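Here is a short report for a reader meeting this structure for the first time. It goes from confidence to sheet, helices and backbone.

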Amino acid sequence: MYYHRAFLLLFVLIPMICNGAINQHEPIKIILNNWTSQIVLSQVTGELLASQGFKVEFVDSSVSDQWGGLAHGILHLQMEVWEGTMSDKFNHMVNTGRVVDAGTHSAKTREEWWYPSYVEKVCPGLPDWKALGRCAALFSRNGSQGKGVYIAGPWEKPDAARIRALNLNFTTLAVKKGDDLWVQLKAAVESQMPIVLFNWTPNWVESRYDGKFIEFPKYAPECETDPAWGVNSKFVYDCGNPKDGWLKKAVWAQFEKKWPCAFTIVKKISLSNNQIAEAAAYVDVDGLSHTEAAKRWMLNNRSIWQSWLAASCTK
Ligand code: TMO
């Protein structure tokens with residue numbers, strides 16, 4: 001009888017242990033989005049995990065598609081979750097237990113409407129949003145019927161709701177790829193044409209172009225949920241994006257259980273504003289490929305990533 005029980009227990013335990021060991025060696029699928037720093041720093045993370053013996057795979061995904069992938073374990077790791085564009089979805093996924101918050105980078109972020117400085121000469125009062133409202137016609141384009149055109153990125157933002165809530169005579173034009181924003185910016189700068197477009201920091205743009213973010217009414221969470229809040233009592237979104245936004249890492253809910261050591265490393269990784277801007281500039285200013293940029297970044301930040309790996313786990 002005794003033997004019998006012990007024997008049965010072995011049948012239960014051995015496969016459990018082996019499964020654990022086998023699963024460890026499944027690849028960690030790292031999400032690549034469509035802006036530069038995210039791609040370069042995801043590749044750096046992949047290198048670090050590979051150096052510790054993990055298999056990694058990179059998978060292209062849009063921000064909107066990635067949440068379902070993370071929830072179902074089809075994707076496992078996202079290195080840059082930005083508060084300004086992703087907090088709603090991220091908080092919802094974490095609160096419903098489908099995604100795990102793997103910690104906050106030291107970087108402070110901002111994602112907002114932005115213009116190059118020469119626009120101030122023709123639109124006095126900027127960066128205040130009311131000045132932008134008065135100058136709307138300056139930003140009109142063919143086909144916009146006199147309305148100002150705001151060039152938006154391919155990331156979901158309730159810009160139309162904000163335009164309505166702040167009663168701006170603007171319409172939005174969303175580009176298909178992040179890089180198209182810089183095509184628009186370059187063309188406008190060359191002809192000194194007024195332009196207002198989506199931009200963010202940390203990014204490489206600030207090292208190349210002088211410009212500022214529009215100062216909309218200060219962000220508060222109630223602005224997005226309570227119509228009575230703010231300058232327009234009928235509509236939500238009568239405010240700007242957060243100014244000192246967070247930047248987080250997100251993982252599949254089973255990540256820690258499956259790859260505890262990798263989880264420890266991911267949690268330790270913390271990027272500063274400079275480190276993120278540097279990663280973006282290697283590609284968008286210096287013209288390196290993402291992979292070359294990741295290599296150069298690792299060469300120039302050795303002591304930093306070594307500290308992330310140090311004593312992270314025993315294998
Ligand atoms: C998510 N992004 C940094 C492009 O705003």
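The text below covers model confidence, the sheet, the helix pairs and some unusual backbone spots.

**Confidence and conventions**

This is a predicted model: local features need pLDDT of at least 70, side-chain atom pairs count only at pLDDT 80 or more, and totals for chains, interfaces and linings use all residues. Residues are numbered from 1 along each chain as its sequence is written, and side-chain values use heavy atoms, with hydrogens and water left out.

The protein chain averages a pLDDT of 92 (the predictor's confidence in each residue, from 0 to 100). At least 70 is the score of 91% of the residues. Residues 12–22 stand apart from that: pLDDT stays under 50 there. For this stretch the model has one contact (heavy atoms within 4.5 Å) beyond four places in sequence.

**The sheet**

Helices (H or I, at least four residues) and strands (E, at least two) are DSSP runs, numbered from the N terminus. Five strands form an open sheet, and their order is 7-6-8-5-9. The pairing is mixed; two strands pair if DSSP finds at least two bridges between them. Strand 7 (170–174) and strand 9 (211–213) are the edge strands, and each pairs on one side only. From one strand to the next, the twist averages 40°.

Inside this order, strand 5 (residues 110–116) pairs with strand 8 (residues 196–201). The sense is antiparallel, over five bridges. Trp114 has Leu197 in strand 8 as its bridge partner.

A helix covers part of this region. Helix 8 (residues 178–190) lies across strand 5, strand 6 (148–152) and strand 8. Helix 8 runs at about 120° to strand 8.

**Helix pairs**

Axes are lines fitted to C-alpha atoms, for helices over the stretch in contact, and angles run from 0 to 180 degrees between N-to-C directions. The table lists three pairs.

| Helix pair | Angle | Axes apart |
|---|---|---|
| Helix 12 (residues 273–284) and helix 13 (residues 290–300) | about 140° | 9 Å |
| Helix 2 (residues 36–51) and helix 13 | about 60° | 9 Å |
| Helix 3 (residues 63–71) and helix 4 (residues 83–95) | about 10° | 11 Å |

Angles under 35 degrees count as roughly parallel, over 145 as roughly antiparallel, 65 to 115 as roughly perpendicular and the rest as oblique. Helix 12 and helix 13 are therefore oblique to each other. Helix 3 and helix 4 are therefore roughly parallel.

Helix 13 appears in two of these rows. Helix 12 passes helix 13 in a right-handed crossing. A crossing is left-handed if the near helix is turned anticlockwise from the far one by less than a right angle, and right-handed if clockwise. On the helix 12 side, Gln275, Glu278, Ala279, Tyr282 and Val283 meet His290, Ala293, Arg296, Trp297 and Asn300 in helix 13. These contact residues are five nonpolar, three polar and two charged. Ala, Val, Leu, Ile, Met, Phe, Trp, Tyr, Cys and Pro count as nonpolar, Asp, Glu, Lys and Arg as charged, and the others, Gly among them, as polar.

Helix 2 also passes helix 13 in a right-handed crossing. Helix 2 residues in the contact include Ile39, Val44 and Leu48, and those of helix 13 include His290, Ala293 and Trp297. The contact of helix 2 with helix 13 has nine nonpolar, four polar and one charged.

In the remaining pair, Val63, Gln66, Trp67 and Ala71 of helix 3 meet Met86, Lys89, Phe90 and Met93 of helix 4. Six of these are nonpolar, one is polar and one is charged.

**Backbone spots**

Most residues other than glycine have a negative phi, and most peptide bonds are trans. Which peptide bond is cis, with omega near 10°? The bond runs from Leu126 to Pro127, and Pro127 sits in the loop between helix 5 (119–122) and helix 6 (129–134). A cis peptide bond also joins Thr201 and Pro202, with omega about 0°. Pro202 lies in the loop between strand 8 and helix 9 (205–208). Asn167 is not a glycine, yet its phi is positive, about 55°. Asn167 is in the loop between helix 7 (159–165) and strand 7.
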